[in-house]
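Colleague: I should like to learn how to read a protein model feature by feature. Would you guide me through one?

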Amino acid sequence: MEKIIVGGGRQLNGTVKIEGAKNAVLPVIAASIIASEGKSVIHEVPALADVFTIKEVLSNMNADISFANNTVTVDATQPLKTEAPFEFVRKMRASVLVLGPLLARYGHAKVALPGGCAIGSRPIDLHLKGFEAMGAKVHVGNGFVEVYTNGRLKGAKIYLDVPSVGATENIMMAAALADGKTILENCAKEPEIVDLANFLNKMGAKVVGAGTEIIKIEGVKTLHGAEHTIIPDRIEAGTFMVAAAITGGNVLVKGAELEHMRSLVSKMEEMGVKIIEEPDGLRVIGPKTLIATDLKTLPHPGFPTDMQSQMMALMLNAKGTSVITETVFENRFMHVEEFRRMNAKLKIEGRSVIVEGPVILQGAEVAATDLRAGAALILAGLTAEGYTRVTELKHLDRGYVNLTEKFAQLGADIERVDDEENIIIDATTHEHSSVS
Ligand SMILES: CC(=O)N[C@H]1[C@@H](OP(=O)(O)OP(=O)(O)OC[C@H]2O[C@@H](n3ccc(=O)[nH]c3=O)[C@H](O)[C@@H]2O)O[C@H](CO)[C@@H](O)[C@@H]1O
Ligand SMILES: C=C(OP(=O)(O)O)C(=O)O
């Protein structure tokens with residue numbers, strides 16, 4: 001089994017470069033299949049497991065897609081299959097983002113139902129309600145959701161009950177080719193929504209208002225391929241910002257965009273962390289003593305749920321009682337049990353966790369219960385006594401590229417090992433017996 005082994009006690013210093021955003025690149029690649037003319041060329045694509053999954057989804061539909069040197073090229077001009085089977089959706093829920101583009105272009109899409117996951121039930125009812133409002137029929141059965149329409153979708157006025165990121169993206173993509181105007185209210189305002197709207201507009205779409213709570217889309221008849229550069233990953237950036245802060249280090253997080261990260265920056269400043277905007281990123285300087293604070297996750301521009309577990313690691317090192325309230329996902333506290341294995345003092349009360357700090361964390365074997373939980377356990381390991389061994393790395397690989405190497409370059413005592421290999425090394429050289 002693969003593990004990341006991290007030793008505590010080292011301060012992190014230096015520069016780390018942030019990749020393109022996972023949550024922007026997945027909808028942008030999905031959107032590229034709407035183009036009936038020309039190729040799309042997408043730059044700053046991170047080499048994440050999720051990107052390889054969406055590439056497989058598109059290849060399986062007969063799109064011509066290649067990925068090299070952080071650039072994805074998509075030619076979807078030939079007729080496509082309009083189905084995404086469970087083997088892909090199971091690996092990555094964002095596969096449902098092909099529903100909107102396929103429905104808009106072909107009047108049909110069939111995708112395996114994503115089902116629940118570690119952070120909550122994550123239904124797609126709002127995506128489907130949006131398609132229905134535009135005249136589509138929805139059929140759910142045998143583990144699939146199928147959407148279809150006779151002729152073009154019709155522009156509609158759609159109000160989202162909650163500002164869902166995926167529903168905003170799927171409806172925006174479908175509306176781009178609909179007949180008439182769609183007005184999407186109470187939509188998500190994340191920077192990744194703006195990135196998708198910019199890409200769609202380069203393809204010939206007419207989308208205005210992305211980044212606000214009302215997006216207006218005037219449908220056009222066809223879209224063409226376009227060239228686009230993905231925005232930096234604010235969650236990867238935030239993870240390294242916490243790493244600098246938690247170790248009392250000084251790290252330049254190159255590519256971090258202050259505009260995308262105001263809620264995180266202000267929380268970290270409240271905790272005593274110094275954050276300086278520099279021309280190419282954010283410099284983060286950890287204090288001698290971190291101060292406890294409270295936070296509540298909310299849709300953007302509120303505090304991002306994808307940074308909640310990393311902030312829990314920071315709060316475990318802060319002086320006083322902190323309270324974290326999770327309002328976006330109903331079950332995103334799986335990491336609490338893992339932190340407890342490291343001697344954390346945490347109490348769950350409904351949708352809140354009470355964090356008592358500072359605590360002397362102890363290295364332990366812990367599991368990455370989801371993507372960000374994995375990152376948070378590594379962060380906790382940076383300050384723990386002894387060695388922390390993080391397993392279930394498949395989650396981490398969905399969202400972080402070269403995480404171990406990046407931490408090591410900043411001075412962390414960290415390595416990724418495979419138990420099987422270790423056994424072989426142990427048997428021949430006896431050198432690695434202390435790490436497995
Ligand atoms: C690939 C991607 O971009 N993933 C991000 C996206 O996920 P995703 O797009 O899945 O998240 P949503 O914004 O849709 O989910 C937010 C909340 O709305 C609920 N909901 C959503 C859709 C729906 O049809 N019905 C419904 O009830 C969800 O269960 C959840 O409680 O936004 C989340 C919230 O910022 C982030 O944590 C994920 O990293
Ligand atoms: C929850 C996340 O992503 P996804 O929606 O891809 O599961 C995340 O990035 O933390």
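Modeller: Let us begin with a term that is needed at once: domain bounds come from an automatic or database domain assignment. The model before us is predicted, and its assignment gives domain 1 (2-19 + 232-429) and domain 2 (22-229).

Colleague: Why does ligand 2 lie between the domains?

Modeller: One examines which domains supply the residues around the ligand. Domain 1 and domain 2 both give residues to the shell around ligand 2, so ligand 2 lies between them.

Colleague: Which residues surround ligand 2?

Modeller: The surrounding residues are Arg93, Ala94, Ile119, Asp306, Leu371, Arg372 and Gly399. By class, this shell divides into 3 nonpolar, 1 polar and 3 charged residues.

Colleague: Where does ligand 1 lie with respect to the two domains?

Modeller: The reasoning follows the shell once more. Both domain 1 and domain 2 contribute residues to the shell around ligand 1, so ligand 1 lies between them. There are 20 residues around ligand 1, and Asn23, Leu126, Ser164, Val165 and Gly166 come nearest. The elements that give two or more residues to this shell are α1 (22-31), α5 (125-133) and α6 (165-175). In terms of class, the shell around ligand 1 has 11 nonpolar, 6 polar and 3 charged residues.

Colleague: How many residues of each domain are in contact with the other?

Modeller: In this model, 18 residues of domain 1 are in contact with 15 residues of domain 2. Helix α13 (residues 393-399) supplies the largest share of the side of domain 1 that touches domain 2, namely 3 residues. That side of domain 1 divides into 5 nonpolar, 5 polar and 8 charged residues. The C-alpha centres of the two domains lie 31 Å apart.

Colleague: Let us turn to the sheets. What is the order of the strands in the open sheet of 4 strands?

Modeller: The order is β10-β11-β13-β12, and the pairing is mixed. β10 (157-159) and β12 (206-208) stand at the edges, each with a single partner strand, so one side of each is left without a neighbour in the sheet. On average, neighbouring strands of this sheet are turned by 15 degrees against each other, direction ignored.

Colleague: How is β12 joined to strand β13?

Modeller: β12 and β13 (residues 214-218) run antiparallel and are joined by 3 bridges. Within this pair, valine 207 stands opposite isoleucine 217 in β13. Helix α6, named earlier for ligand 1, lies across β10, β11 (181-185), β12 and β13, and runs at about 170 degrees to β11.

Colleague: How should one read the side chains along a strand?

Modeller: In a regular strand the side chains alternate between the two faces of the sheet. Strand β22 (residues 352-357) offers a case: Val353, Val355 and Gly357 point to one face and are buried, while Ser352, Ile354 and Glu356 point to the other and are not.

Colleague: Which strands pair with β22?

Modeller: Strand β20 (residues 318-325) runs antiparallel to β22, and 6 bridges join the two. Here threonine 325 stands opposite serine 352. Strand β21 (residues 345-349) also pairs with β22 in the antiparallel sense, over 5 bridges, and leucine 346 has valine 355 as its bridge partner.

Colleague: What do β21 and β22 form?

Modeller: They form a hairpin with 2 residues between them, and glycine 350 in the turn has a positive phi of about 60 degrees.

Terms used:
Residues are numbered from 1 along each chain as its sequence is written. Chains are lettered from A and ligands numbered from 1 in the order in which they are written. This is a predicted model: local features need pLDDT of at least 70, side-chain atom pairs count only at pLDDT 80 or more; totals for chains, interfaces and linings use all residues. A residue is near a molecule or strand if its C-beta atom, placed from the backbone, lies within 6 Å of it. Ala, Val, Leu, Ile, Met, Phe, Trp, Tyr, Cys and Pro count as nonpolar, Asp, Glu, Lys and Arg as charged, and the others, Gly among them, as polar. A residue is buried if 20 or more other C-beta atoms lie within 10 Å of its own, exposed if 12 or fewer, and partly exposed in between; C-beta atoms are placed from the backbone. Two strands pair if DSSP finds at least two bridges between them. Axes are lines fitted to C-alpha atoms, for helices over the stretch in contact, and angles run from 0 to 180 degrees between N-to-C directions. Two residues are in contact if their C-beta atoms, placed from the backbone, lie within 7 Å.
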